[in-house]
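Here are my notes on this one, set down roughly in the order I would click through the model. Have a look at the structure first, then read on.

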Amino acid sequence: MEDVFKQDVVAELKGRVQEAQRVVITAHRSPDGDAIGSSLALQHLLARVDVPSQVVMPDGYPDFLNWLPGQDDVQFHDVDPEVCESSLLEAEVVFCLDYNAPSRAGGLGPAVANAASQEGTYVVVIDHHQQPEEFADLLLSDPLTGSTAELIYRLTLAWDMADDIQADMASCLYCGLITDTGSFRFSSVTPQTHAMAAHLLGTGMDHSKVHSLIYDACRLDQIRLTSYALGQKLQVFPEYHSAIVSLSLDELMRFNAQKGDTEGLVNRALSIEGIRFAVFVKEDVDRVKMSLRSTGSFSVRDVAADHFNGGGHHNAAGGACPGESLDSVVSRLIGLLPSYAAQLQDEG
Ligand code: 5GP
Ligand code: MN
């Protein structure tokens, strides 16, 4: 594999960052554990070379991520748009982590695009999604890597700063690592991923506590919503090895759903014996949002990109349909299954 962190490139980046007075770190809309974990990890790393930075998120993240070291100073665009936009306007270096197109940054997207077109702002993308848009001054993209956290770790090594990884930074990296690899399950995990985990544990961080904070903090309402979704709203199409779960805004409200409550649902659908393609479809205020998952050679990135304005990874992707009803999206999805029958049949 070609190393995206070439010595001359990373050395130049380090120089630029060290000269900068104002560095901003951004991630994608609806930040997940990798988005916020790698952002805060990079902030910890930059602090080690006395570079202050500001983390700016398009919007909030789920409560189960509400413990990450360094999170208290994060700015949120949906709460303070002007503050966030002026942070980006004044920045000399803007990092875009875990996304590869300004549109993925939601309300913050125009400010990111503006930063990219501005002379005095150096925009750096560090990401692991396929087919990056070309908008940044520097693109460090590796779709074969399982998490952006792993890329931040590789950047740390390339900057010769392995010994600067303290327990707080390690917890942030570990959060990104486990949330994006299904706790080391996905095929993207390599010996290097485990070597990274070994290094992080060696800093004294409490990995067991991190797992607990992320995965053992379910509210009772969330458990009941999960039971309802799987009990009443799961549609299985054995002939297409497919499963679909959908929830309307009404249903979500009935269970007092909060951000992140439905995150594991699509994986439960995929875990059914014989299922190779699973989709969770959720009605939102301004759009219908989808989470797509697959096993093996079937590309949900292609399904999302071809039919649902989305993208992501080969086996884990997302899409969004603004202005379309939940029923229409679900019907469209069911209608597509026959066209994928051969691809879904392929593997044993
Ligand atoms: P999730 O289903 O966990 O929200 O997302 C799965 C993967 O697809 C993530 O890597 C995420 O970044 C990507 N993804 C989610 N939603 C979208 C979307 O609307 N557009 C694109 N391009 N990627 C998405
Ligand atoms: Mn990621």
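1. In what order do the 6 strands of the open sheet run, and is the pairing parallel or antiparallel? Reading across, the order is β3-β2-β1-β4-β5-β6, and the pairing is parallel. Keep in mind throughout that this is a predicted model.

2. Now the edges of that sheet. β3 (75-76) and β6 stand there with a single partner strand each, so one side of each has no neighbour in the sheet. For β6 the partner is β5, paired in the parallel sense over 4 bridges. If you want a register check, look at Val125, whose bridge partner in β6 is Leu139.

3. Next, the metal. The manganese ion (ligand 2) is coordinated by Asp34 (OD), Asp98 (OD), His128 (NE2) and Asp180 (OD), at 2.2 to 2.3 Å. Along the chain these donor residues follow the spacing D-x63-D-x29-H-x51-D. Take His128 and Asp180: the former sits in the loop between β5 (122-127) and β6 (138-141), the latter in helix α6 (residues 167-180), and the pair links distant parts of the chain, 52 residues apart. Are these two buried or exposed? Both His128 and Asp180 are buried.

4. Then ligand 1. It has 13 residues around it, and Arg104, His129, Lys289, Ser291 and Arg293 come nearest. Some polar distances worth pulling up: a polar side-chain atom of Ser291 is 2.6 Å from an oxygen atom of ligand 1, one of Arg104 is at 3.0 Å from an oxygen atom of the ligand, and one of His313 is at 3.2 Å from such an atom.

5. On to the rings. How many aromatic pairs does the structure hold? There are 5 aromatic pairs. In the pair of Tyr61 and Phe76, the ring centres are 5.8 Å apart and the planes meet at 55°, so this pair counts as tilted. Tyr61 belongs to the loop between β2 (53-57) and β3, while Phe76 is in strand β3, so the contact ties together parts that are 15 residues apart in sequence. Tyr61 has a relative accessible area of 11%, so it is buried.

6. A second pair has another geometry to look at: Phe298 and Tyr340 are edge-to-face, with 5.2 Å from centre to centre and 75° between the planes. Phe298 is found in the loop between β10 (287-294) and α12 (300-307) and Tyr340 in helix α13 (residues 326-345), so the pair ties together parts that are 42 residues apart in sequence. Both Phe298 and Tyr340 are buried. Phe277 joins them, with ring pairs linking Phe277, Phe298 and Tyr340 into a cluster.

7. There is also a charge over a ring: Arg16 lies over the face of Tyr122, 3.8 Å from the ring centre.

8. Please look at β12 (residues 316-322) too. Why call this strand largely enclosed by the rest of the structure? Because 5 of its 7 residues are buried. β12 pairs with β10 in the antiparallel sense over 7 bridges, and within that stretch Arg287 stands opposite Pro322 in β12. Strand β11 (residues 311-312) also pairs with β12 in the antiparallel sense, over 2 bridges, with Gly312 having Ala317 as its bridge partner in β12. A hairpin of 3 residues joins β11 to β12.

9. Last stop, the stretch around α5 (148-158). Ahead of this helix, Asp142 lies in the loop between β6 and α5. With a relative accessible area of 5%, Asp142 is buried, and its side chain makes a polar contact of 2.9 Å with that of Thr145. In α5 itself, 10 of the 11 residues are buried, so the helix is largely enclosed by the rest of the structure. Among them are Leu151, Ile152, Tyr153 and Leu155, along with Glu150 and Arg154. Just after α5, check Asp160, which takes a positive phi of about 60°.

Notes. Residues are numbered from 1 along each chain as its sequence is written. Chains are lettered from A and ligands numbered from 1 in the order in which they are written. This is a predicted model: local features need pLDDT of at least 70, side-chain atom pairs count only at pLDDT 80 or more; totals for chains, interfaces and linings use all residues. Side-chain values use heavy atoms; hydrogens and water are left out. Donors are N, O and S atoms within 2.8 Å of the metal (3.2 Å for Na, K and Ca); water is not among the atoms, so sites may look incomplete. Buried means under 20% relative accessible area, exposed over 50%, partly exposed in between (1.4 Å probe, protein chains only). Two strands pair if DSSP finds at least two bridges between them. Rings of Phe, Tyr and Trp (its six-membered ring) pair if their centres lie within 6.5 Å; planes under 30 degrees apart count as stacked, over 60 as edge-to-face and the rest as tilted. A charge sits over a ring if NZ of Lys or CZ of Arg is within 6 Å of the ring centre and within 35 degrees of the ring normal. A residue is near a molecule or strand if one of its heavy atoms lies within 4 Å of it. A polar contact is a pair of N or O atoms within 3.5 Å; within protein, one must be able to donate a hydrogen and the other to accept it, and residues adjacent in sequence count only if both atoms are side-chain atoms.
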